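Got your viewer open? Let's take a walk through this protein, one selection at a time.

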Amino acid sequence: EGLGVGADRGRSRGVASFSACQVREVKMTMGKRHAGEAMRGVLNSATEEARRRGDRRLGTDHLLLGLLHEEDSPAARALGVSLEAGRAASDSLDVAALAAVGVGVQALGQARHVAPAHRIPPLSTGVRAVLKRVIDESQPRRTGRLDSGHFLRALLSLSPPDPSAELLHALGVDPAQVRDHLAQLTPGGVA
């Protein structure tokens with residue numbers, strides 16, 4: 001038929017050609033899909049934690065516990081803490097907070113089993129700030145990929161009295177060491 005020149009040279013006959021703009025557009029859409037899936041996964045796990053605890057709002061402590069749901073994720077491995085340990089530390093912080101206002105509780109009751117929710121509860125101001133930071137942090141690299149490491153880095157930047165910072169302190173986690181460990185575990189090694 002025709003002489004293959006330039007970009008057509010390696011193309012099979014009958015396969016439509018794509019311009020560079022079309023390829024970039026598909027890459028950006030694919031990246032957005034991966035980023036959306038990662039954010040949705042973290043928010044769904046955090047929502048499960050909030051509902052399990054009976055909280056009406058999604059807080060940064062729920063995000064931190066949500067990151068521990070996936071044991072093999074870079075964030076969970078960098079933290080070196082199990083979900084059970086995180087939940088126990090969160091419960092002890094709640095008992096201490098209740099004691100501070102004069103409510104004597106030895107231990108919290110058994111957590112109820114909750115079905116996965118279809119709606120995410122209202123976000124606290126802290127969670128909104130973390131999500132903004134996660135998105136802003138991923139933009140300069142233009143990879144379009146978000147992972148648990150982005151969320152953990154944003155949570156590690158918070159300081160008390162933020163609930164996730166208090167929970168990290170209760171777990172005995174050193175944010176600087178976790179950042180270093182996360183840098184070793186993630187592709188590109190950015191902490």
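Where is Pro161 found? Select it and look: Pro161 sits in the loop between α6 and α7, and α7 covers residues 163-170. Keep in mind that you are looking at a predicted model.

While you're there, add Pro160 to the selection. A cis peptide bond joins Pro160 and Pro161, with omega at about 15°. Most peptide bonds are trans, so this one deserves a pause on the tour.

**Zoom out**

Now show the whole chain as a cartoon. You can count 8 helices and 0 strands, so reading along the sequence simply gives α-α-α-α-α-α-α-α. Next, try a surface view: the protein exposes about 12,000 Å², and carbon and sulfur atoms supply 53% of that. Of the 191 residues, 34% count as buried. Contacts also reach across the sequence: among those with a separation of 6 or more, 61% are between residues 24 or more positions apart.

**Stop one: α6 and α8**

Two packed helices are described by the angle between their axes and the distance between the axes. Try that on a pair: select residues 148-156 for α6 and residues 175-185 for α8. This pair packs at an angle of about 160°, with the axes 10 Å apart. An angle over 145 degrees counts as roughly antiparallel, and α6 and α8 are therefore roughly antiparallel to each other. Their crossing is left-handed.

Which residues make the contact? Show side chains for Gly149, Leu152, Arg153 and Leu156 on α6, then for Pro175, Val178, Arg179 and Leu182 on α8. Colour them by class and you get 5 nonpolar, 1 polar and 2 charged residues.

**Stop two: α2 and α6**

Keep α6 on screen, hide α8, and select residues 60-67, which is α2. At what angle do α2 and α6 pack? The answer is about 140°, with their axes 10 Å apart. Here too, α2 passes α6 in a left-handed crossing.

Bring up the side chains again. From α2, pick Thr60, Leu63, Leu64 and Leu67; they meet Ser148, Phe151, Leu152 and Leu155 of α6. How many of these residues are nonpolar, polar or charged? The contact of α2 with α6 divides into 6 nonpolar, 2 polar and no charged residues.

Before you close the viewer, click on Leu152 in α6. Leu152 takes part in the contact with α2, and Leu152 also appears in the contact with α8.

Technical notes. Residues numbered from 1 in each chain as written. Predicted model: local features only at pLDDT ≥ 70, side-chain atom pairs only at ≥ 80, totals over all residues. Heavy atoms only, no water. Axes fitted to C-alpha atoms, helices over the stretch in contact; angles between N-to-C directions. Helix = DSSP H or I, 4+ residues; strand = E, 2+ residues; numbered from the N terminus. Left-handed = near helix turned anticlockwise from the far one by under 90°. Contact = heavy atoms within 4.5 Å. Nonpolar A, V, L, I, M, F, W, Y, C, P; charged D, E, K, R; others polar. Buried < 20%, exposed > 50% of the residue type's maximum accessible area, 1.4 Å probe, protein only. Areas by Shrake-Rupley, 256 points an atom, 1.4 Å probe, with all protein chains shown as cover. Parallel < 35°, antiparallel > 145°, perpendicular 65-115°, else oblique.
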